[in-house]
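Grab a pencil and open the model in your viewer. Below are some short exercises, each with a solution worked out step by step.

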Amino acid sequence: MEVDMNSIDEIIEIYKRDVDITMIDEGLKRTVEERMRVLAEFEQFREELQKGMERARDAVR
Amino acid sequence: MTQFAEILRLLTKAGIEFIVVGGVAATAHGSPRATTDVDVLYARNRGNLDRLVAALAGLEPYLRGAPPGLPFKFDYETVKAGLNFTLITNLGALNLLGEIAGGGKYEDLLTQSDFSDLYGSLCRVLNLDMLIWTKRAAGRPKDFEAIAELELLRDRSPSPTPPASKS
């Protein structure tokens, strides 16, 4: 689904109300190297979490 | 699991002309939003397509989400005939984009990108203004939250991050 460009501004402004500014500021404080490291660590965590969930499901079966 | 560093290292070492766009570019600019794939805008000249195909040959690239067993072969003819490829590889999820909405091709966006050191690889990264512009141009509701974050990020950014120099 595509949205009319003219209507996007208002929608984006509404979304901005719920953005956690502290997270934005944290990201800005980091160097590019730190930002990329955090991303890789999150991906690693996501993978481990997924594997853990699979193991738990297998154990229940 | 997507191995961001390895994918970018592979593309850079192979001499592929590409610009990092999407979530990884957003992260480089400071976005707290996590992504699980690498989006790159690649140049579609003959030499670059050859390098791309050769670089990915060992990674068993396959269409992400497609049923197994399709006669998909990632070779020059396939890349030439297609444009945007959503791939799964041995290094994780890689999206090869020949064009992006609102931005155009690799050559169109060269001046809208800066070099940045990503995991030790010097890569072109789409600048924040253009990243926002392309997401707005795509007009996808799923991007609205990300656009809101990126615009706040731009507004709160003390000054643009100086690009890494390519020596």
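**Exercise 1. Work out the order of helices and strands along chain B, then ask how compact the chain is.**

Keep in mind that this is a predicted model. Start by walking along the sequence: chain B reads α-β-α-β-α-β-α-β-β-α-β-β-α-α. Tallying up, that gives seven helices and seven strands. Next, compare sizes: the radius of gyration of chain B is 16 Å, close to the 15 Å that the globule rule gives for 167 residues, so the chain is as compact as a globular protein of that length. If you'd rather think in boxes, the C-alpha atoms fit in one of roughly 50 × 40 × 30 Å along the principal axes. Now for the inside: 41% of the 167 residues are buried. Finally, look at the contacts with a separation of 6 or more: 66% of them in chain B link residues 24 or more positions apart.

**Exercise 2. Find the strands that pair with β2 of chain B, and say which way each pair runs.**

Begin with β1 (residues 18–21): four bridges join β1(B) to β2(B), and the two run antiparallel. To check this on screen, go to Ile19(B), whose bridge partner in β2(B) is Leu41(B). Then move on to β5 (residues 92–97), which is joined to β2(B) by five bridges, this time in a parallel pairing. Here a handy pair to click on is Asp37(B) with its bridge partner Ala93(B). How enclosed is β2(B)? Five of its six residues (37–42) are buried, so the strand is largely enclosed by the rest of the structure.

**Exercise 3. Decide which side of helix α3 in chain B faces inward, and what covers it.**

First list the buried residues of α3 (residues 46–56): they are Leu49(B), Leu52(B) and Leu56(B). These three span an arc of only 60° around the axis, which puts them on the same side of α3(B). Next, turn to the face pointing away from that buried side, where you'll find the exposed residues Arg46(B) and Gly47(B). Last, look at the cover: β2, α4 (76–81) and β4 (85–89) of chain B are among the elements lying over the buried residues of α3(B).

**Exercise 4. Identify the residues that sit at the heart of the largest nonpolar core.**

As background, nonpolar side chains in soluble globular proteins tend to be buried together. In this model the largest such core has 48 residues, and those with the most contacts inside it are Ile19(B), Val20(B), Val21(B), Val40(B) and Leu41(B). Helix α7 (residues 144–156) of chain B gives this core its largest share, five residues. Now zoom in on Val40(B): leaving aside neighbours within four places in sequence, its contacts include Leu11(B), Phe18(B), Leu96(B) and Leu97(B).

**Exercise 5. Take two residues with a positive phi, Glu60(B) and Tyr119(B), and describe where each one sits.**

Recall the usual case: most residues other than glycine have a negative phi. Glu60(B) isn't a glycine, yet its phi is about 50°. Its place is the loop between α3 and β3 (62–63) of chain B. Glu60(B) has 12 other C-beta atoms within 10 Å, so it counts as exposed. Tyr119(B) isn't a glycine either, and its phi is about 55°. You'll find Tyr119(B) in the loop between β6 (113–118) and β7 (121–126) of chain B. With 19 other C-beta atoms within 10 Å, Tyr119(B) is partly exposed.

Definitions and conventions:
Residues are numbered from 1 along each chain as its sequence is written. Chains are lettered from A and ligands numbered from 1 in the order in which they are written. This is a predicted model: local features need pLDDT of at least 70, side-chain atom pairs count only at pLDDT 80 or more; totals for chains, interfaces and linings use all residues. The radius of gyration is taken over C-alpha atoms; the globule rule is 2.2 Å times the number of residues to the power 0.38. A residue is buried if 20 or more other C-beta atoms lie within 10 Å of its own, exposed if 12 or fewer, and partly exposed in between; C-beta atoms are placed from the backbone. Two residues are in contact if their C-beta atoms, placed from the backbone, lie within 7 Å. Two strands pair if DSSP finds at least two bridges between them. The arc is that of the directions from the helix axis to the C-beta atoms. A nonpolar core is a set of buried Ala, Val, Leu, Ile, Met, Phe, Trp, Tyr and Cys residues joined through C-beta atoms within 7 Å.
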